[in-house]
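Visitor: I should like to take a close look at the interior of this protein. Please describe how the nonpolar packing and any enclosed space are arranged.

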Amino acid sequence: DIRDASVYAAEHIPGSVNIGIRGRFETWVGIMVPWAMHESDKLVLLGSKAGLKEALYRLHRIGYEAGVLTLEAWEAAKLPTKKVQFITPSELYAQMKAGTAPVIVDVRLPNEWMGLRIGEVVNFPLSHVGELSAKLDPAQPVVTVCNSAYRSSMAIGLLEARGFQKATSLAGGSEAWIRAGLPVYGAEA
């Protein structure tokens, strides 16, 4: 799903991986597709017609071929969609203070996680979310976190594909957390 993370959250195909067309799209497809797919699977892109045209062009340059799909075509076939409500920094912080927070999974690289954290979180780097998520109970709510919600939105689809029904992302990521003036933790000496 190549749409923006907020559009993906509003309605998406269950278990689809959100890799927004903005930014390092080709890099993230190259990283995530081998982790998210089996050899017999076919890569299918979902997005707007203009976004699909750009994505196909960009992927062709790195050797990927893909089919295309619009959400309207999916819905016309009466197939299920899923909605995810991102959690705001203030909502998550209030839950953390009350001791009712879901499991918080930071999907950044270990050096990013060690450099700045929003609190008691586990670190499952995005390229290992699939295998490391086996350590969690899929019935538990999970909030994924990264810098901007770009990578954490990708993690939602990976978790959904592994049976997690209550996976969401921190809206705006740790950047929004910092802008809200909430406490962060850095590397300890």
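Guide: The following account goes through the nonpolar cores, the enclosed space and one buried charged residue. The model is a predicted one. In soluble globular proteins, nonpolar side chains tend to be buried together. Here the largest nonpolar core comprises 31 residues, and those that touch the most other members are I19, F25, L126, V129 and M154. At least two residues of this core come from each of α2 (25-36), α3 (49-60), β3, α7 (129-132) and α8 (150-161). Apart from residues up to four places away in sequence, F25 is in contact with I2, I19, G20, A55, R58, L59 and Y150. A second core, separate from this one, has 10 residues, including L92, V143, V145 and L170.

As to enclosed space, one cavity of 30 Å³ or more is found in a search of the whole structure. The largest cavity has a volume of about 40 Å³, and its lining consists of R3, D4, A5, N18, G20, R22 and Y150. Three of these lining residues are charged, two are polar and two are nonpolar. G20 and Y150 thus appear both in this lining and among the contacts of F25.

The buried charged residue is D106, in strand β3 (residues 103-106). D106 counts as buried because its relative accessibility is 2%, below the 20% cut-off. Its side chain makes a polar contact of 2.8 Å with the side chain of R108. Beyond residues up to four places away in sequence, D106 touches W113, V121, V122, N123, F124, P125 and V145. Of these, V145 also belongs to the second core.

Key:
Residues are numbered from 1 along each chain as its sequence is written. This is a predicted model: local features need pLDDT of at least 70, side-chain atom pairs count only at pLDDT 80 or more; totals for chains, interfaces and linings use all residues. Side-chain values use heavy atoms; hydrogens and water are left out. Helices (H or I, at least four residues) and strands (E, at least two) are DSSP runs, numbered from the N terminus. Buried means under 20% relative accessible area, exposed over 50%, partly exposed in between (1.4 Å probe, protein chains only). A polar contact is a pair of N or O atoms within 3.5 Å; within protein, one must be able to donate a hydrogen and the other to accept it, and residues adjacent in sequence count only if both atoms are side-chain atoms. Contact means heavy atoms within 4.5 Å. On a 1 Å grid over the protein atoms alone, a cavity is a set of points where a 1.4 Å probe fits but cannot get out, and a pocket is an open set with protein on both sides within 12 Å along at least five of seven lines; lining residues have an atom within 4 Å of a point. Grid points are joined across faces, edges and corners, and a volume is the space filled by probe spheres set on the points. Ala, Val, Leu, Ile, Met, Phe, Trp, Tyr, Cys and Pro count as nonpolar, Asp, Glu, Lys and Arg as charged, and the others, Gly among them, as polar. A nonpolar core is a set of buried Ala, Val, Leu, Ile, Met, Phe, Trp, Tyr and Cys residues joined through side-chain atoms within 4.5 Å.
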